[in-house]
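Reader: I would like a close look at a single part of this model, taken slowly, with its surroundings described before its details. Could you then follow the description outwards to a few other places?

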Amino acid sequence: MTDNPKSLSSAPVSPEAYAVGGGSKETAHPPSVLPPVHLATTFVRDADNQYTSTFSYGRDDNATVRELEQALARLEGAHGPAYFFSSGMSAAVCLLLALGPGAKVVAPRVMYWGLRQWMKNDGPRHGIETTFVDFDDAAALDATLAEGTDLVWLETPGNPMWNIIDIADVAARAKASGAKVACDATVATPVLMRPLTLGADVVMHSATKYLNGHSDVVAGALAFAEPTPLADETRRIRAGMGPILAPLEAMLLRRGLRTLHVRVERQSANALAVAQYFKRHPAITEVLYPGLPSHPGHAIATRQMTGGFSGMLSLRVAGGEAKAIAVAARTRLWTRATSLGGVESLIEHRASIEGADSPVPRDLLRLSTGLEPVDELIADLEQALTDASTEDKS
Ligand code: PLP
């Protein structure tokens, strides 16, 4: 706490203002506009052998990471702690390991493929079994819950078809059966959706994506609705294995978070404009975007998301896999790369990265819409579609 008479410590600060930096000055000494970066790996013990500062060693905790965690907890409306990790995968896996051997998990059939693979192949080695269900089928979900479930894992919008799951409805069903609910909200971000306010117990992010937003940090996060034993166990596992986010990465991520709201608002507006432009295009058989009334999850998305439907959409290309790959090869402004949520627009033939057992259609291109002028993004896709068709005929 600073002794600066202009301290903002007593001023009410909204989560959005805190994310921009409105609250960070409270802890800085001298009272700098930015908080300091704490690089120390070890901390001084008190003379009576205690650690009243609560910091002892860098694998357990770090003040730069903790300030970032406070910012996320506020954005998510969490009454429990938030924790940052060295990747989205390590965040999710630490939570799953915290359930302990014998745990039963339910997850969507279509979700981030890397975690689906972990749940399928690695989870059972730790005694964690996952059943994959279609969340549109309420009877199938109830039947699985009735068999005994510890955790329901949701991802909405779900990568890369952007399926929408009704968080409040699933949370009510899960709670009735005694299961906890975790939601991967990487794509929505707390700007558009706050799962904890809809009944989820934990919200997870690949912070590599929108929270950081500049494609230069790999990170993950969890925020807990309440301070529960599951939260404590997750933190214990993070401290034991060491995948806490490093301080310099935390500093970069904190910088990214300052512009989260403006980035996500612009990226959502750009994605909606791209989706609307291509929805009746002769070279596109389907546009997958929850912001379009034709999307099966549109009504639920309208209810549980505010301010937009995210910067992510997918296009199914007439002519199949070869044509889709040819289109991605001919874009100039959209960069051909995996990942999402950065300021630059990316395009990816998704099935190529997910492998043979992927449920993703082979003609699907996944688009992460960036901050470029949207008319240029649309024109670039148009020229790539035309170019790929011309090549076809020659
Ligand atoms: N969840 C979603 C929706 C993702 O898109 C990703 C990565 O692409 C992850 C989780 C995993 O995050 P990370 O790559 O930061 O480990």
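**Helix 8 and its surroundings**

Author: In this predicted model, the buried residues of helix 8 pack against two other helices and three strands, namely helix 2 (63-76), helix 3 (88-99), strand 1 (82-85), strand 5 (180-184) and strand 7 (220-224). The buried residues themselves are Leu230, Ala231, Thr234, Ile237, Arg238 and Ala239, so that Arg238 and Thr234 are listed as buried alongside Leu230 and Ile237. As for its length, helix 8 covers residues 229-241, and because 13 residues at 1.5 Å a residue should span 18 Å, the 18 Å between its end C-alpha atoms agrees with that expectation. Just after the helix comes Gly242, whose phi is positive, at about 95°.

Two of the elements that helix 8 packs against, strand 1 and helix 3, are joined by a loop that contains Ser87. Ser87 counts as buried because its relative accessibility is 16%, which is under the 20% cut-off. A polar atom of the Ser87 side chain lies 2.9 Å from the backbone nitrogen of Ser90, and a polar atom of that side chain also lies 3.4 Å from the backbone nitrogen of Met89. Once residues up to four places away in sequence are set aside, Ser87 touches Val218, Ala219 and Gly220, and residue 220 is where strand 7, another of the elements packed against helix 8, begins.

Further along the chain, Asn270 sits in helix 10, residues 260-278, and is buried, with a relative accessible area of 5%. Its side chain has a polar atom 3.0 Å from the backbone oxygen of Gly370, and the Asn270 side chain also reaches the backbone oxygen of Glu372, at 3.1 Å. Neighbours within four places aside, Asn270 is in contact with Thr369, Gly370, Leu371, Glu372, Val374 and Leu377.

The residues touched by Asn270 include Thr369, and strand 12 covers residues 364-368. Strand 12 is joined to strand 9 by five bridges, and the two run antiparallel; one of the paired positions is Met312 with Ser368. Strand 9, residues 312-317, is mostly covered, with five of its six residues buried. Strand 9 also pairs with strand 8 (residues 284-288), in the antiparallel sense and over four bridges, where Glu286 has Arg316 as its bridge partner.

Note on methods. Residues are numbered from 1 along each chain as its sequence is written. This is a predicted model: local features need pLDDT of at least 70, side-chain atom pairs count only at pLDDT 80 or more; totals for chains, interfaces and linings use all residues. Side-chain values use heavy atoms; hydrogens and water are left out. The expected span of a helix is 1.5 Å times one less than its number of residues. Buried means under 20% relative accessible area, exposed over 50%, partly exposed in between (1.4 Å probe, protein chains only). Contact means heavy atoms within 4.5 Å. A polar contact is a pair of N or O atoms within 3.5 Å; within protein, one must be able to donate a hydrogen and the other to accept it, and residues adjacent in sequence count only if both atoms are side-chain atoms. Two strands pair if DSSP finds at least two bridges between them.
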